[in-house]
Amino acid sequence: MLYELFAIARINDPLHVNKEAAKIAHTVGKLILNNRGVIRSITSLGPKPLPKVISKDQERHFQGYQFVISFDSSAAVQSELARTMRRDPRILRTSIIKNDLARKLNVGTSFERAFSKVVY
């Protein structure tokens, strides 16, 4: 089944934002691959200010690094990934969406679909 993971990672050091986010994406990717999943794409949305202050582990965050990972896996792997992401203190918020493959085989991520509709 095709899933899409949207995550917001905390930013501790503003000078090394990309390295910290890459470590988190690497950890998530290894978890997917070790459980027989397939990663289709990883899209970085970059550091952005959050719409509201998010509190996690007695810390307040006003900005976060956002990324989207599109992957194929079983439902058990998806639930294990969601549980692991909730427990990771580096991740502020996550959302896992199941994409429907009945309509198209190459669905792309929701990020790609949204920006394909935008006319410049």
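The questions and answers below go through the fold, the sheet, the core and several single residues of this protein.

User: What kind of model is this, and at which pLDDT do side-chain atom pairs count?
Analyst: Residues are numbered from 1 along each chain as its sequence is written, and side-chain values use heavy atoms, leaving out hydrogens and water. This is a predicted model: totals for chains, interfaces and linings use all residues, local features need pLDDT of at least 70, and side-chain atom pairs count only at pLDDT 80 or more.

User: Which pattern of helices and strands does the protein follow along the sequence?
Analyst: Helices (H or I, at least four residues) and strands (E, at least two) are DSSP runs numbered from the N terminus. The protein has three helices and four strands. Read along the sequence, the pattern is β-α-β-β-α-β-α.

User: In what order do the four strands stand in the sheet?
Analyst: Two strands pair if DSSP finds at least two bridges between them. Strands of a sheet pair through backbone hydrogen bonds, either parallel or antiparallel. Here the sheet is open and the pairing is antiparallel, in the order β2-β3-β1-β4.

User: Why is one side of β2 and of β4 left without a neighbour in the sheet?
Analyst: β2 (38-56) and β4 (91-98) stand at the edges. One side of each is free because each has a single partner strand.

User: How many bridges join β1 and β3, and which residue in β3 stands opposite Arg10?
Analyst: Strand β1 covers residues 2-10 and pairs with β3 in the antiparallel sense. The pairing runs over nine bridges. Opposite Arg10 stands Gly64.

User: At about what angle does α1 run to β3, and α2 to β4?
Analyst: Axes are lines fitted to C-alpha atoms, for helices over the stretch in contact, and angles run from 0 to 180 degrees between N-to-C directions. Contact means heavy atoms within 4.5 Å. Helix α1 (residues 17-34) lies across β1, β2, β3 and β4, at about 40 degrees to β3. Helix α2 (residues 75-87) lies across β1, β2, β3 and β4 too, and its angle to β4 is about 165 degrees.

User: Which element gives the largest share of the largest nonpolar core?
Analyst: Such a core is a set of buried Ala, Val, Leu, Ile, Met, Phe, Trp, Tyr and Cys residues joined through side-chain atoms within 4.5 Å. The largest one has 17 residues, and those with the most contacts inside it are Val28, Tyr65, Phe67, Ile69, Phe71 and Met85. Two or more residues come from each of β1, α1, β3 and α2. The largest share, five residues, comes from α1.

User: What percentage of the 120 residues is buried?
Analyst: Buried means under 20% relative accessible area, exposed over 50%, partly exposed in between (1.4 Å probe, protein chains only). By this rule the buried residues make up 40%.

User: Is Asp72 buried or exposed, and which side chain does the side chain of Asp72 join in a polar contact?
Analyst: Asp72 is found in strand β3 (residues 59-72). Its relative accessible area is 18%, so Asp72 counts as buried. Not counting residues up to four places away in sequence, Asp72 touches Met1, Leu2, Gly37, Val38 and Arg40. A polar contact (a pair of N or O atoms within 3.5 Å; within protein, one must be able to donate a hydrogen and the other to accept it, and residues adjacent in sequence count only if both atoms are side-chain atoms) of 2.8 Å joins Asp72 to the side chain of Arg40.

User: With which side chain does the side chain of His61 make a polar contact?
Analyst: His61 is in strand β3. His61 is buried, with a relative accessible area of 7%. Leaving aside neighbours within four places in sequence, the residues in contact with His61 include Arg10, Leu50 and Leu92. The polar contact, at 3.4 Å, is with the side chain of Glu59.

User: Near what value is phi of Arg36, and near what value is phi of Gln58?
Analyst: Arg36 sits in the loop between α1 and β2, and Gln58 in the loop between β2 and β3. Arg36 is exposed at 81% relative accessible area, and Gln58 is exposed at 87%. Phi of Arg36, a residue other than glycine, is positive, near 65 degrees. Phi of Gln58, also a residue other than glycine, is positive, near 60 degrees.
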